[in-house]
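User: I am in my first year and would like a close look at a single part of this protein, with its surroundings described afterwards. Please take me through the part slowly.

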Amino acid sequence: MRRVYAGVDVGGTGTVIGLFDEQRHILAKVQLDTLGSKRERFGDVDAYTKLVAHHIRDAAAQLPGDSATLVAAGFGIPGQVNPEDGVVSDATNLGWGHVPFAWIMEDLLQVPVRIDHDVRTFAKGELMAGAARGRSHAICLTIGTGIAAAIAIDGKLVRGGHNLAGEIGHDVVATLTRRCPCGKVGCLETVVSGPGISRLAAAAGLTSWQNEGEGGIPTAEDVARHCSDNNEQALGIYRYAAELLAEKLETAVALLDPEVIVIGGGVAKAGEPLFGPIRTRLHDRFPWLRGKLTVVQAELGDEAALIGAFHHVFQV
Ligand SMILES: [Zn+2]
């Protein structure tokens, strides 16, 4: 009988399930639509947890070779996540209020379940097997629908007194005027996020790649493609977003002295138009860190949170 572990990345759009063996190799990967095609699972914890449990069991049953027994499962979840009591609160992208998620999944799967915030499972993955491997002091960010950060000090992820460490996306930039869904005005993620960059691009008259000339709303990915064509407006948008982020990171570097800053998520795929201005700013302000502090792209893509969630299982 083989022992297998599940690492699950719960996203606002999609959920990815990975099955791992005891040597920590990935054996299977399953993707599903978190909320359903008609968003019928929005706020419906019961339907969602049963669906995920079904897919985990099904994936384990379909593994080739000897029959497999699930031993434990780890989940990365967006929202306020308390790894100590296993409760998720205020996961607005999923429509969840107060959900004792680990307890529900343990009941369904009949194995121990561990949970954490998805940016911390992403960071754990990059620290164990990705762009921050071998480092003990790191800041890992994801920039997608919003922006979130996870901090590692002495090899340990810092959660803070209320499990809210790293909420840099809702740190206010004095010059910004747009209201954030959190209620404050001028949060960093009103610009430094996929929707933020998309809004700036639409205001600048950039078109979407597929609908070039038809006036479609450009995505952050479209802006990145315009950057690779040396479009000055697109480069300017990324430079602006990068400089706003760099200003916040400057304070973070002064406080935490990281060895590496890892940035992942859809917006980070733009590459140098985003990373270049951040490196320049940080190395200008901290010249003694040139050649020491690196600012790099995440390496594991959407598997980082999966691998991190799996590793989380071992942190009892
Ligand atoms: Zn906000």
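In what order do the five strands of the open sheet lie, and is their pairing mixed?

Analyst: This is a predicted model, and what follows describes that model. The five strands of the open sheet are arranged in the order 11-10-9-12-13, and their pairing is mixed. At the edges of this sheet are strand 11, residues 156-158, and strand 13, residues 294-297, each of which pairs on one side only. From one strand to the next, the twist averages 25°. As background, strands of a sheet pair through backbone hydrogen bonds, and they may do so either parallel or antiparallel.

One pairing in this sheet can be followed down to individual residues. Strand 12, which covers residues 260-264, runs parallel to strand 13, and four bridges join the two. Within this pairing, Ile261 has Val295 in strand 13 as its bridge partner.

The sheet can next be placed in the chain as a whole. The protein chain is divided into domain 1, made of 2-123 + 303-312, and domain 2, which is 134-297. The centres of these two domains, taken over C-alpha atoms, are separated by 27 Å. Where the domains touch, domain 1 gives nine residues and domain 2 gives 11 residues. On the side of domain 1 that touches domain 2, the elements giving two or more residues are strand 5 and helix 3, the latter spanning 118-129. Helix 3 supplies the largest share of that side, namely four residues. Sorted by class, the residues on that side of domain 1 are five nonpolar, three polar and one charged.

Strand 5 also takes part in pairing of its own, and it can be compared with the parallel pair described above. Strand 5, residues 80-82, and strand 6, residues 87-91, run antiparallel and are joined by three bridges. In this pairing Gln80 stands opposite Ser89 of strand 6. The hairpin of strand 5 and strand 6 has four residues between the strands, and Gly86 takes a positive phi near 75° there. Strand 6 then pairs with strand 7, residues 96-99, in the antiparallel sense, again over three bridges. Ser89 stands opposite His98 in strand 7, while Gln80 is the residue opposite Ser89 in the pairing of strand 5 with strand 6. Strand 6 and strand 7 likewise form a hairpin with four residues between them, and Gly95 in its turn has a positive phi of about 75°.

The helices deserve the same care. In helix 4, residues 194-203, the buried residues include Gly194, Ile197, Ser198 and Ala201. Among the elements that cover the buried residues of helix 4 are helix 5, at 220-228, and helix 6, at 232-256. The axes of helix 4 and helix 5 come within 8 Å and cross at roughly 60°, and the two helices are therefore oblique to each other. In this contact, Gly194, Ile197, Ser198 and Ala201 of helix 4 meet Ala220, Asp222 and Val223 of helix 5. By class, the contact holds four nonpolar, two polar and one charged residues. It may help to recall that an α-helix has 3.6 residues a turn, so residues three or four places apart point the same way. After helix 4 comes Gly205, whose phi is positive, near 85°.

How values were computed:
Residues are numbered from 1 along each chain as its sequence is written. This is a predicted model: local features need pLDDT of at least 70, side-chain atom pairs count only at pLDDT 80 or more; totals for chains, interfaces and linings use all residues. A residue is buried if 20 or more other C-beta atoms lie within 10 Å of its own, exposed if 12 or fewer, and partly exposed in between; C-beta atoms are placed from the backbone. Two residues are in contact if their C-beta atoms, placed from the backbone, lie within 7 Å. Two strands pair if DSSP finds at least two bridges between them. Axes are lines fitted to C-alpha atoms, for helices over the stretch in contact, and angles run from 0 to 180 degrees between N-to-C directions. Angles under 35 degrees count as roughly parallel, over 145 as roughly antiparallel, 65 to 115 as roughly perpendicular and the rest as oblique. Ala, Val, Leu, Ile, Met, Phe, Trp, Tyr, Cys and Pro count as nonpolar, Asp, Glu, Lys and Arg as charged, and the others, Gly among them, as polar. Domain bounds come from an automatic or database domain assignment.
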